[in-house]
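Morning, everyone. I have one model to show, and I will keep it short. Here it is on the screen.

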Amino acid sequence: MSEGERRTGELEYVRKVKYHVEDINGVEVTSFEVPYIRYFAEDELVYLEALLDFKNTDDLVKRIDENKLGRKTIEKVFAYRLKQAGSGFEPWPIEPVLLPSLVHNDAQPNPVYEFNAGSGAVELASLTYGLNRFLFSYTVSINGIEDFLFMGVLNKGFYKEVYILRNIEPMAIIKYNVYV
(Lines give C-alpha, C1' and ligand atoms only; values in the text may rest on other atoms or scores of the structure.)
Protein backbone atom coordinates (compact mmCIF):
# COMPACT_ATOMS: atom_id res chain seq x y z
CA MET A 1 0.00 0.00 0.00
CA SER A 2 1.50 3.31 -1.02
CA GLU A 3 1.86 6.37 1.18
CA GLY A 4 -0.73 8.15 -0.98
CA GLU A 5 -3.32 5.48 -0.20
CA ARG A 6 -2.69 5.87 3.52
CA ARG A 7 -3.28 9.63 3.32
CA THR A 8 -6.69 9.21 1.73
CA GLY A 9 -8.06 7.77 4.97
CA GLU A 10 -8.94 4.36 3.50
CA LEU A 11 -7.30 2.63 6.45
CA GLU A 12 -9.64 2.86 9.36
CA TYR A 13 -7.31 1.56 12.06
CA VAL A 14 -3.87 2.95 11.14
CA ARG A 15 -3.25 6.60 12.02
CA LYS A 16 -0.58 9.26 11.73
CA VAL A 17 0.38 10.53 15.20
CA LYS A 18 2.52 13.22 16.84
CA TYR A 19 6.26 12.80 17.29
CA HIS A 20 8.20 14.03 20.30
CA VAL A 21 11.91 14.45 20.92
CA GLU A 22 12.61 13.27 24.45
CA ASP A 23 15.76 14.14 26.38
CA ILE A 24 16.62 11.11 28.48
CA ASN A 25 19.75 11.70 30.56
CA GLY A 26 21.21 13.88 27.81
CA VAL A 27 20.33 11.47 24.97
CA GLU A 28 17.77 12.55 22.37
CA VAL A 29 15.15 9.93 21.51
CA THR A 30 12.49 10.41 18.84
CA SER A 31 9.22 8.98 20.15
CA PHE A 32 5.65 8.80 18.91
CA GLU A 33 2.29 8.84 20.69
CA VAL A 34 0.54 5.47 20.82
CA PRO A 35 -3.26 5.53 20.50
CA TYR A 36 -4.86 4.21 23.69
CA ILE A 37 -7.03 1.44 22.24
CA ARG A 38 -8.21 0.01 18.92
CA TYR A 39 -6.16 2.28 16.63
CA PHE A 40 -2.53 1.81 15.59
CA ALA A 41 0.14 4.42 14.92
CA GLU A 42 2.06 3.86 11.71
CA ASP A 43 5.27 3.37 13.71
CA GLU A 44 3.63 0.59 15.78
CA LEU A 45 3.50 -1.47 12.60
CA VAL A 46 7.31 -1.72 12.64
CA TYR A 47 7.16 -3.28 16.13
CA LEU A 48 4.44 -5.76 15.16
CA GLU A 49 6.07 -6.62 11.84
CA ALA A 50 9.30 -7.54 13.63
CA LEU A 51 7.65 -9.47 16.49
CA LEU A 52 5.15 -11.35 14.32
CA ASP A 53 7.56 -12.09 11.46
CA PHE A 54 5.48 -10.51 8.67
CA LYS A 55 7.20 -10.38 5.30
CA ASN A 56 6.04 -6.81 4.67
CA THR A 57 3.97 -4.05 6.21
CA ASP A 58 1.20 -4.34 3.60
CA ASP A 59 0.26 -7.85 4.81
CA LEU A 60 0.15 -6.62 8.40
CA VAL A 61 -2.02 -3.61 7.46
CA LYS A 62 -4.46 -5.89 5.61
CA ARG A 63 -4.79 -8.11 8.68
CA ILE A 64 -5.42 -5.11 10.94
CA ASP A 65 -7.90 -3.60 8.50
CA GLU A 66 -9.99 -6.80 8.57
CA ASN A 67 -11.29 -5.56 11.94
CA LYS A 68 -13.72 -3.30 10.06
CA LEU A 69 -15.27 -6.46 8.61
CA GLY A 70 -15.88 -7.80 12.10
CA ARG A 71 -12.94 -10.23 11.97
CA LYS A 72 -10.62 -10.27 14.93
CA THR A 73 -7.15 -10.71 13.50
CA ILE A 74 -4.85 -8.25 15.26
CA GLU A 75 -6.30 -6.00 17.93
CA LYS A 76 -4.79 -3.58 20.37
CA VAL A 77 -6.16 -4.36 23.82
CA PHE A 78 -4.70 -1.31 25.58
CA ALA A 79 -1.82 1.14 25.77
CA TYR A 80 -1.29 2.51 29.30
CA ARG A 81 1.27 4.80 30.75
CA LEU A 82 2.35 3.40 34.13
CA LYS A 83 2.96 5.33 37.32
CA GLN A 84 4.71 4.18 40.47
CA ALA A 85 2.27 3.68 43.32
CA GLY A 86 2.49 2.21 46.83
CA SER A 87 1.56 -1.26 45.57
CA GLY A 88 3.75 -1.19 42.44
CA PHE A 89 2.81 0.06 38.98
CA GLU A 90 -0.68 1.32 38.12
CA PRO A 91 -2.21 2.37 34.78
CA TRP A 92 -2.22 6.12 34.20
CA PRO A 93 -4.49 6.78 31.17
CA ILE A 94 -4.38 10.59 31.41
CA GLU A 95 -1.17 11.00 29.42
CA PRO A 96 -0.49 9.24 26.09
CA VAL A 97 2.02 6.42 25.87
CA LEU A 98 5.28 7.34 24.13
CA LEU A 99 7.28 4.66 22.30
CA PRO A 100 10.63 5.28 20.64
CA SER A 101 10.53 5.10 16.86
CA LEU A 102 12.50 2.07 15.68
CA VAL A 103 13.01 3.85 12.34
CA HIS A 104 14.30 7.22 13.62
CA ASN A 105 16.53 5.90 16.43
CA ASP A 106 19.37 3.41 16.71
CA ALA A 107 17.59 0.29 18.03
CA GLN A 108 19.55 -2.79 19.12
CA PRO A 109 17.47 -5.87 20.12
CA ASN A 110 18.87 -8.43 22.56
CA PRO A 111 17.24 -11.81 23.31
CA VAL A 112 16.22 -12.18 26.97
CA TYR A 113 17.03 -15.42 28.74
CA GLU A 114 16.72 -14.21 32.34
CA PHE A 115 15.63 -11.04 34.09
CA ASN A 116 17.75 -8.97 36.42
CA ALA A 117 16.02 -8.02 39.66
CA GLY A 118 15.12 -4.37 40.03
CA SER A 119 14.77 -3.57 36.35
CA GLY A 120 11.40 -1.76 36.42
CA ALA A 121 8.82 -2.79 33.83
CA VAL A 122 10.94 -5.76 32.73
CA GLU A 123 10.76 -7.09 36.29
CA LEU A 124 7.01 -6.45 36.17
CA ALA A 125 6.75 -8.70 33.10
CA SER A 126 8.74 -11.40 34.83
CA LEU A 127 6.66 -11.26 38.00
CA THR A 128 3.34 -11.13 36.11
CA TYR A 129 3.95 -13.70 33.37
CA GLY A 130 7.18 -15.54 34.16
CA LEU A 131 9.96 -15.60 31.60
CA ASN A 132 9.50 -19.29 30.82
CA ARG A 133 5.97 -18.61 29.52
CA PHE A 134 7.15 -16.27 26.72
CA LEU A 135 7.70 -17.87 23.32
CA PHE A 136 10.45 -15.31 22.90
CA SER A 137 11.33 -11.95 24.39
CA TYR A 138 13.75 -9.12 23.74
CA THR A 139 15.08 -6.05 25.42
CA VAL A 140 15.83 -3.20 23.07
CA SER A 141 18.51 -0.57 23.57
CA ILE A 142 17.65 2.80 22.01
CA ASN A 143 20.43 5.26 21.13
CA GLY A 144 22.73 3.52 23.60
CA ILE A 145 20.21 3.47 26.49
CA GLU A 146 20.22 -0.14 27.68
CA ASP A 147 16.94 -2.04 28.24
CA PHE A 148 14.78 0.86 27.04
CA LEU A 149 12.07 -1.60 25.92
CA PHE A 150 10.94 -5.11 26.67
CA MET A 151 8.99 -6.98 23.97
CA GLY A 152 7.57 -10.46 24.38
CA VAL A 153 5.09 -12.89 22.85
CA LEU A 154 2.96 -15.32 24.88
CA ASN A 155 1.25 -18.29 23.21
CA LYS A 156 -2.36 -18.66 24.39
CA GLY A 157 -3.40 -21.53 22.11
CA PHE A 158 -5.59 -20.10 19.37
CA TYR A 159 -4.13 -16.61 19.78
CA LYS A 160 -0.94 -14.86 20.91
CA GLU A 161 -0.51 -11.97 23.28
CA VAL A 162 2.15 -9.43 22.35
CA TYR A 163 3.51 -7.13 25.05
CA ILE A 164 5.65 -4.04 24.68
CA LEU A 165 6.88 -2.45 27.91
CA ARG A 166 8.69 0.85 28.04
CA ASN A 167 11.23 0.45 30.84
CA ILE A 168 12.35 4.12 30.96
CA GLU A 169 10.28 6.89 32.58
CA PRO A 170 7.54 7.51 31.66
CA MET A 171 6.98 3.74 31.77
CA ALA A 172 4.23 2.14 29.70
CA ILE A 173 2.66 -1.17 28.70
CA ILE A 174 0.95 -2.02 25.41
CA LYS A 175 -0.89 -5.29 24.83
CA TYR A 176 -2.08 -6.79 21.53
CA ASN A 177 -3.99 -9.97 20.76
CA VAL A 178 -3.05 -11.71 17.53
CA TYR A 179 -5.41 -14.42 16.34
CA VAL A 180 -3.91 -17.23 14.27
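I will take the sheet, then two helices. One caution up front: this is a predicted model.

Start with the sheet. Three strands make it up, and it is open. The order is β2-β3-β7, with antiparallel pairing. As general background, strands of a sheet pair through backbone hydrogen bonds, either parallel or antiparallel. Which strands sit at the edges? Those are β2, residues 19–24, and β7, residues 97–100. Each of them pairs on one side only. From one strand to the next, the twist averages 45°.

Now look at β3, residues 27–34. It pairs with β7 over four bridges, in the antiparallel sense. For a landmark there, find Val 34: it stands opposite Val 97 in β7.

On to the helices. Take α2, residues 44–52. How many of its nine residues are buried? Seven are, so to speak, under cover: the helix is mostly covered. The buried set is Glu 44, Leu 45, Tyr 47, Leu 48, Glu 49, Leu 51 and Leu 52. Note that Glu 44 and Glu 49 are in that list. Just after α2 comes Asp 53, with a positive phi of about 60°.

Last, α3, residues 57–65. Its buried residues are Leu 60, Val 61, Ile 64 and Asp 65. Why do they fall on the same side of α3? Because they cover an arc of only 130° around the axis. The general rule behind such spacing: an α-helix has 3.6 residues a turn, so residues three or four places apart point the same way.

That is the tour. Over to you.

Technical notes:
Residues are numbered from 1 along each chain as its sequence is written. This is a predicted model: local features need pLDDT of at least 70, side-chain atom pairs count only at pLDDT 80 or more; totals for chains, interfaces and linings use all residues. Side-chain values use heavy atoms; hydrogens and water are left out. Two strands pair if DSSP finds at least two bridges between them. Helices (H or I, at least four residues) and strands (E, at least two) are DSSP runs, numbered from the N terminus. Axes are lines fitted to C-alpha atoms, for helices over the stretch in contact, and angles run from 0 to 180 degrees between N-to-C directions. Buried means under 20% relative accessible area, exposed over 50%, partly exposed in between (1.4 Å probe, protein chains only). The arc is that of the directions from the helix axis to the C-beta atoms.
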